[in-house]
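Me: I should like to understand the terms used for this model. Please justify each one against its definition.

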Amino acid sequence: MPGWSSEAPSDLHLQAGEDFRFPLGGAGSAGYLWTWTIGGDAQAVSVAVEAASAPPVPTPGVLHGGSVGRIVVLRALQPGEASLHFVLARPTKHSNPLASFTVKVTVSAAGEQV
């Protein structure tokens, strides 16, 4: 399925202060955007989505198509459990999602064994 990354974990165990990254596909050229919600302890993690690479340099007289992949950057902030739900859809009210998945994140105190 376009835009979907099978590399996304379903369960993740991190220590406070630890970062974790995983790739997402991109479908921006077709008008799809990744959005996310955090359930559970929203203060346990922070989420950012970044471009996986810089867009290609335009060549004069040549049309380019395609999407830039995305990378999710999770940062474990404090002990707790959060559920992150990602959805790839067009930003219209009645758009059906192209893909969705959930990542359960458990954050332990720094130095604590899981």
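The following exchange takes up the terms one at a time.

Me: What kind of model is this, and how are its residues numbered?

Reply: It is a predicted model, in which local features need pLDDT of at least 70 and side-chain atom pairs count only at pLDDT 80 or more, while totals for chains, interfaces and linings use all residues. Residues are numbered from 1 along each chain as its sequence is written, and side-chain values use heavy atoms, with hydrogens and water left out.

Me: Why is Ile 71 called partly exposed?

Reply: Its relative accessible area is 23%. Buried means under 20% and exposed means over 50%, with partly exposed in between (1.4 Å probe, protein chains only). The value of 23% lies between these limits, so Ile 71 is termed partly exposed.

Me: Which residues does Ile 71 touch, and what makes them contacts?

Reply: Contact means heavy atoms within 4.5 Å. Not counting residues up to four places away in sequence, Ile 71 touches Arg 21, Phe 22, Pro 23, Leu 24, Ala 48, Val 49, Glu 50 and Ala 52. For Leu 24, which is 47 residues apart from Ile 71 along the chain, the C-alpha separation is 5.5 Å.

Me: In which strand is Ile 71 found, and what makes a run a strand?

Reply: Strands (E) are DSSP runs of at least two residues, numbered from the N terminus. Ile 71 belongs to strand E5, residues 70-76.

Me: How do you know that E5 pairs with E2 and with E4?

Reply: Two strands pair if DSSP finds at least two bridges between them. Six bridges join E2 to E5, and seven link E4 and E5, so both cases satisfy the definition. Both pairings are antiparallel. Leu 24 stands opposite Arg 70 in the first case, and Val 47 is partnered by Leu 74 in the second. Strands of a sheet pair through backbone hydrogen bonds, either parallel or antiparallel.

Me: What makes E2 and E4 the edge strands of their sheet?

Reply: The open sheet of three strands has the order E2-E5-E4. Strand E2 (19-24) and strand E4 (45-51) each pair on one side only. Neighbouring strands are turned by 20 degrees against each other on average, direction ignored.

Me: Why is the pairing in the sheet of four strands called mixed?

Reply: The order of this open sheet is E1-E7-E6-E3. E1 and E7 run parallel and are joined by five bridges, with His 13 opposite Thr 106. Strands E6 (residues 80-89) and E7 (residues 99-108) pair in the antiparallel sense over nine bridges; Gly 80 stands opposite Val 107 there, and His 85 has Thr 102 as its bridge partner. Both senses occur, and the pairing is therefore mixed.

Me: What makes a set of residues a nonpolar core, and which residues have the most contacts inside the largest one?

Reply: Such a core is a set of buried Ala, Val, Leu, Ile, Met, Phe, Trp, Tyr and Cys residues joined through side-chain atoms within 4.5 Å. The largest has 22 residues, and those with the most contacts inside it are Phe 22, Leu 74, Leu 84, Phe 86, Phe 101, Val 103 and Val 105. E1, E2, E4, E5, E6 and E7 each supply at least two of its residues, and E7 gives the largest share, five residues.

Conventions:
Axes are lines fitted to C-alpha atoms, for helices over the stretch in contact, and angles run from 0 to 180 degrees between N-to-C directions.
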